[in-house]
Amino acid sequence: MPNLNAQLQQYFGFNEFRGGQREVVEALVGGHSAMAIFPTGSGKSLCYQLAALQLPHLTLVISPLLALMRDQLDFLAKKGIAAAAIDSSQSRDEAQDVMARAKNGELKILMISVERLKNERFRRFIAQVPVSLLVVDEAHCISEWGHNFRPDYLKLPQAKAQLNIPQALLLTATATPTVVADMAAKFAIAPEHITVTGFYRSNLHLHIRPVATQDKHAALLKLLQRTPDAPCVVYVTQQDTAERVANALQAAGLNATAYHAGIENERRQQIQDDFMHGRSLIIVATIAFGMGIDKSNIRQVIHYDLPKSIENYSQEIGRAGRDGEQSLCTLLGNREGLAVLENFVYGDTPELAAIAQVLTRIQSETQNSEWEMTIYDVSAQSNIRQLPLKTLLVYLEIQGLIEPLYSYYSDYRFALNIELDELLGHFKDERQDFVRGIFRNAKFGRSWYQFDFASFQHEFPEQRARAVTALEYMDEKGWLRLEVKQMTEVYRVLNTQFDSATLAAQLHAQFAQKEHSELQRLNQMLALFETTTCLSHTLAAHFGDTQAPTQCGHCLVCRGKPAQLPAADSLAPISNYSAFELTAELRGKAPNASVHVLSCFLCGITLPVLSRVKASKMPQFGQLSAHPFAEVRAWLSEAFAVQ
Ligand SMILES: [Zn+2]
């Protein structure tokens with residue numbers, strides 16, 4: 001074992017390891033796979049960075065966010081460590097340069113997004129490069145039993161095996177023991193190589209305040225008045241709530257700003273900067289806020305709505321008091337938001353018939369063992385939302401039925417900046433004929449040409465790549481403006497002789513199990529907020545940290561005030577409504593809508609078929625959204641069964 005302390009000093013300039021880092025690096029240098037579950041901001045990345053320097057070959061890092069990659073690359077560059085990334089913002093030349101350096105052994109660390117592995121060319125390249133270690137950042141995305149599951153992550157264990165990568169390191173800030181066990185099994189990580197550092201933070205005062213919805217605003221104002229000049233974050237579930245609450249706070253004379261994914265990038269960056277530099281004090285945000293925010297003196301984190309999961313709650317309160325000073329974390333709670341959270345779950349479970357339709361489609365559309373599809377199109381046709389559709393495709397990959405080959409942009413349109421004759425004048429002979437061919441195979445609308453790949457390929461077989469290059473060249477020269485949309489994915493179909501009904505039933509059962517576990521997780525979260533044992537301790541224990549004191553002495557339970565979350569305001573019984581009347585308008589536009597689709601409609605859950613008929617504009621959309629989905633579905637099944 002090399003002298004790790006000396007290495008730490010030499011490369012990074014640190015005198016000692018932070019909690020857990022040494023154990024993880026030692027496991028890796030000793031030739032094992034490992035897992036590190038450290039809270040955000042406690043030095044997870046250093047584990048792989050130091051290990052990478054000790055290992056013979058490349059360390060391949062799967063990172064979920066471009067911004068995170070850039071931060072880490074900047075850090076590594078400052079330390080003089082050879083690292084690079086391949087990302088979608090690079091030109092082909094830049095990416096090829098990085099690949100060449102990886103191949104020559106010049107790079108110690110290569111960072112990519114998980115989507116890169118779907119590209120067959122990249123897979124062929126990386127298969128020729130000896131890789132010592134596969135690092136998966138935000139590794140909880142691998143597990144279907146945790147939050148933030150990302151279908152493509154499910155394939156990483158297979159990728160590690162196919163690429164002959166001997167070791168893996170999984171990094172995450174939050175994972176329950178169930179998720180940890182799931183991840184460890186998938187990567188064969190021994191229990192002694194799993195390092196969990198403490199989740200308990202003694203300076204965070206956790207409170208759950210039962211409040212009826214109409215009293216929330218007053219409760220929020222009162223809380224904010226306790227820390228008048230300090231930075232605070234207020235979390236809400238939906239974008240319009242963020243706007244509404246921020247406006248109400250401004251009206252009350254507070255320095256508050258809304259932040260959510262619906263605000264354009266540049267403005268969001270500005271809001272973050274203002275908050276970082278103390279020009280604004282209160283951010284009212286959806287969960288889009290926080291990635292990459294490292295402000296040490298946030299004094300209060302307030303949950304105006306229920307968080308999406310215990311993991312989200314833990315990460316969000318974890319942004320308070322990074323400086324170690326006393327900070328307040330308060331949830332203004334009742335059960336009214338529960339139906340909204342449950343609806344996110346129900347909307348992601350595809351119907352059996354929809355799954356069967358996708359399978360039949362694969363069988364009928366496969367030509368020469370290849371299936372071309374766009375997510376948008378298959379989602380719209382099958383009425384499966386995009387995320388669950390991607391999950392379905394990954395399930396099929398894992399079953400060995402399909403294999404991704406490559407993807408390409410299939411929708412090219414362009415508008416001229418100069419006269420067509422002038423543009424053609426820039427080319428001679430055969431090249432001019434070729435460019436003419438491009439225009440001949442493009443349909444002209446009011447100002448845009450829509451390129452027709454099919455007719456072009458008919459006239460110029462095997463020249464599609466050349467046409468794309470020519471269009472990019474003319475765009476670069478400023479002769480035309482090129483717009484590229486709609487990714488087409490190409491899969492190799494390894495077997496079309498499957499029984500689609502049987503397979504659909506099996507896949508549907510898999511989705512149903514996932515739905516069940518997610519609903520269960522929501523209930524666990526409410527149970528946590530109503531705990532009668534110390535909340536700080538119970539929360540730490542939920543993440544497998546048994547070191548936290550049994551009584552923190554300053555949470556709501558330790559202060560003798562455990563919470564009971566009030567039920568949603570009393571609802572009119574569902575039997576007061578007429579199922580036929582409520583769904584009449586929708587059935588007029590979508591006569592084949594199933595009970596599932598009708599239930600989604602009444603509960604305010606969007607689906608591709610509902611977007612197509614603009615259902616959200618109908619007055620009945622979401623009319624029963626405060627009722628439990630299962631109740632609405634049962635009621636509709638009964639009403640329409642007697643037809
Ligand atoms: Zn306590």
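Tutor: Before we start: exposed means over 50% relative accessible area and buried means under 20%. Keep in mind, too, that this is a predicted model.

Student: Okay, helix 26 then. Which residues on the other side of helix 26 are exposed?

Tutor: Start with the buried set, which is Phe629, Val632, Trp635, Leu636, Ala639 and Phe640. Looking down the axis, these fall within an arc of 130°, so they line one face of helix 26. On the other side of helix 26, the exposed residues are Glu638 and Ala641.

Student: What do the buried residues of helix 26 pack against?

Tutor: Helix 26 covers residues 629–641, and its 18 Å reach from first to last C-alpha is close to the 18 Å expected. Its buried residues line one face, since they stay within an arc of 130°. The partners they pack against are helix 13 (338–346), helix 23 (579–589) and helix 24 (595–603).

Student: Now helix 4. How wide an arc do its buried residues cover around the axis?

Tutor: The buried ones there are Met69, Gln72, Leu73 and Leu76. Residues three or four places apart in an α-helix point the same way, because there are 3.6 residues a turn. The buried residues of helix 4 sit on the same side, as the arc they cover is only 105°.

Student: And which elements do the buried residues of helix 4 pack against?

Tutor: Helix 4 spans residues 66–78, and just after it Gly80 takes a positive phi of about 70°. The buried residues of helix 4 pack against helix 3 (44–54), strand 3 (83–85) and strand 4 (109–112).

Student: On to helix pairs. Are helix 18 and helix 20 roughly parallel or roughly perpendicular?

Tutor: You describe two packed helices by the angle between their axes and the distance between the axes. For helix 18 (residues 429–440) and helix 20 (residues 464–476), those are about 95° and 11 Å. The range from 65 to 115 degrees counts as roughly perpendicular. That makes helix 18, relative to helix 20, roughly perpendicular.

Student: Which residues of helix 20 does helix 18 meet?

Tutor: The two helices pack with axes 11 Å apart. Helix 18 brings Glu430, Arg431, Phe434, Val435 and Ile438, and what they meet in helix 20 is Arg466, Ala467, Ala470, Leu471, Tyr473 and Met474.

Student: What about helix 14 and helix 21: oblique or roughly antiparallel?

Tutor: They pack at about 135°, with their axes 9 Å apart. Roughly antiparallel needs an angle over 145 degrees. The crossing is right-handed. Helix 14 and helix 21 are therefore, to each other, oblique.

Student: Which asparagine lies in the loop between helix 14 and strand 14?

Tutor: The residue to look for has a positive phi of about 50° although it is not a glycine. At 76% relative accessibility, it counts as exposed. In the loop between helix 14 and strand 14 (370–374), you'll find Asn368.

Student: What is the relative accessible area of Asn164?

Tutor: Asn164 sits in the loop between helix 7 (156–162) and strand 6 (167–172). Its phi is positive too, near 55°. Asn164 counts as exposed, because its relative accessible area is 65%.

Student: Last one: is Ala320 buried or exposed?

Tutor: Ala320 is in the loop between helix 12 (310–317) and strand 13 (327–333). The residues it touches include Arg201, Leu204 and Ile298. With a relative accessible area of 0%, Ala320 is buried.

Notes. Residues numbered from 1 in each chain as written. Predicted model: local features only at pLDDT ≥ 70, side-chain atom pairs only at ≥ 80, totals over all residues. Heavy atoms only, no water. Helix = DSSP H or I, 4+ residues; strand = E, 2+ residues; numbered from the N terminus. Expected span 1.5 Å × (residues − 1). Buried < 20%, exposed > 50% of the residue type's maximum accessible area, 1.4 Å probe, protein only. Arc of directions from axis to C-beta. Contact = heavy atoms within 4.5 Å. Axes fitted to C-alpha atoms, helices over the stretch in contact; angles between N-to-C directions. Parallel < 35°, antiparallel > 145°, perpendicular 65-115°, else oblique. Left-handed = near helix turned anticlockwise from the far one by under 90°.
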